[in-house]
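Here's a quick tour of the empty space in this protein, plus a look at one helix pair. Have the structure open while you read.

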Amino acid sequence: MEKIIIYMVIIISSNTIGAISGMGGGVIIKPILDAFSTDPLVAINFYSSFAVFIMSIVSTLKNTKGNNVKISWTEILYLSGGSLFGGKLGDWLFMFLKAELKNDAAVNLIQIVIVILSLLLALIYSQNSGWVFSKQTKTSLFLLSGVFLGTLSTFLGIGGGPINVALLIFAFNFDAKKAAIYSIASIFFSQFMKLVSLVPSIHKLPIDLHLLPFILISALIGGYLGSTISSRVSNKFVLWLYKLVVVFVIGLNVYNGVMIIGRL
């Protein structure tokens, strides 16, 4: 019961923050579970992806109905289409690396290093570039961005939100709230592809199926709370929260990395 409560608190709080900022929750859920959970890496990745996937459904549906941010479903579809392919590629890379190294700690350390580098870049580039593209070029860039972000997010098991938001703000001159909405929508597709690929072998994975209903409920609550708050706060607050959480997650990943190195 204690484990269920811990998971629910982590997922509700992480998904609430993730839905507001567009980060998706996974970037907070995974390093916290790495630090405090005794579950295997594959199980943590699955729980994180499942929670973020559910959150993205709730958040996207609510944002499309009750948000005054102007969005283009064509742009979202191109971004999401790339994310579908990237999600499959990222999951293949993760399973390939796990099979080659045969060491969860080594795989986790590689993930942590890439997360830290990605988040540092996300902090630096979370501002408009001023670039202007033609419609055709912009469409291609949305597709390519989706492939890149989908691959990175599923490989790292974090949903990819921080990198999504920074890239959308920098490359396409989005404000923070619009980038958050696009980010959450693309996360839905990348995580969907990852979860679908795991369904045939789910009975072979070290996953506690009794935990999934509680993760589902927690993810729903977090997604609803986050999208509700997001519609009532300013762009300035969303960007501030985004940067604050990125700094926190960098610190948490550095701590996890040091702990893993100490055990090797």
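For the residue classes used below, Ala, Val, Leu, Ile, Met, Phe, Trp, Tyr, Cys and Pro count as nonpolar, Asp, Glu, Lys and Arg as charged, and the others, Gly among them, as polar. With that split, the lining of the second largest pocket comes out as ten nonpolar, one polar and no charged residues.

Before going further, bear in mind that this is a predicted model. The protein chain has an average pLDDT of 83, and 96% of the residues score at least 70. Confidence is highest in helix α9 (residues 212-230), at 90, and lowest in α8, at a mean of 79.

Back to that second largest pocket. It holds about 190 Å³ of space, and its lining includes Ser 118, Tyr 125, Phe 148, Leu 152, Ile 163 and Phe 170. Two or more lining residues come from each of α5, α6 (135-156) and α7 (161-172). Of these, α7 gives the most, with five residues.

The largest pocket has a volume of about 280 Å³. Sixteen residues line the largest pocket, and Asp 34, Ser 37, Asn 108, Ile 260 and Arg 263 are the ones nearest its centre. At least two lining residues each come from α2 (26-36), α3, α5 (104-124) and α10 (235-263), with α10 giving the largest share, five residues.

Then there's the enclosed space. How many cavities of 30 Å³ or more does a search of the whole structure find? Two. The largest cavity is lined by Val 42, Asn 45, Phe 46, Asp 91, Phe 94, Met 95, Lys 194 and Leu 198. Three helices, α3 (41-66), α4 (73-101) and α8 (176-198), each supply at least two residues of that lining. Since α8 is also where mean confidence is lowest, keep that in mind when looking at this site.

Here are the volumes together:

| Space | Volume |
|---|---|
| Largest pocket | about 280 Å³ |
| Second largest pocket | about 190 Å³ |
| Largest cavity | about 50 Å³ |

As for chemistry, the lining of the largest pocket divides into eight nonpolar, four polar and four charged residues. The lining of the largest cavity has five nonpolar, one polar and two charged.

Finally, the helix pair. The axes of helix α1 (residues 2-21) and α9 come within 7 Å and cross at roughly 30°, which makes α1 roughly parallel to α9. Their crossing is right-handed. By class, the contact of α1 with α9 has 14 nonpolar, eight polar and no charged residues.

Conventions
Residues numbered from 1 in each chain as written. Predicted model: local features only at pLDDT ≥ 70, side-chain atom pairs only at ≥ 80, totals over all residues. Heavy atoms only, no water. 1 Å grid on protein atoms, 1.4 Å probe; cavity = no way out; pocket = protein on both sides within 12 Å on 5 of 7 lines; lining within 4 Å. Points joined across faces, edges and corners; volume = space filled by probe spheres on them. Helix = DSSP H or I, 4+ residues; strand = E, 2+ residues; numbered from the N terminus. pLDDT = per-residue confidence, 0-100. Axes fitted to C-alpha atoms, helices over the stretch in contact; angles between N-to-C directions. Parallel < 35°, antiparallel > 145°, perpendicular 65-115°, else oblique. Left-handed = near helix turned anticlockwise from the far one by under 90°.
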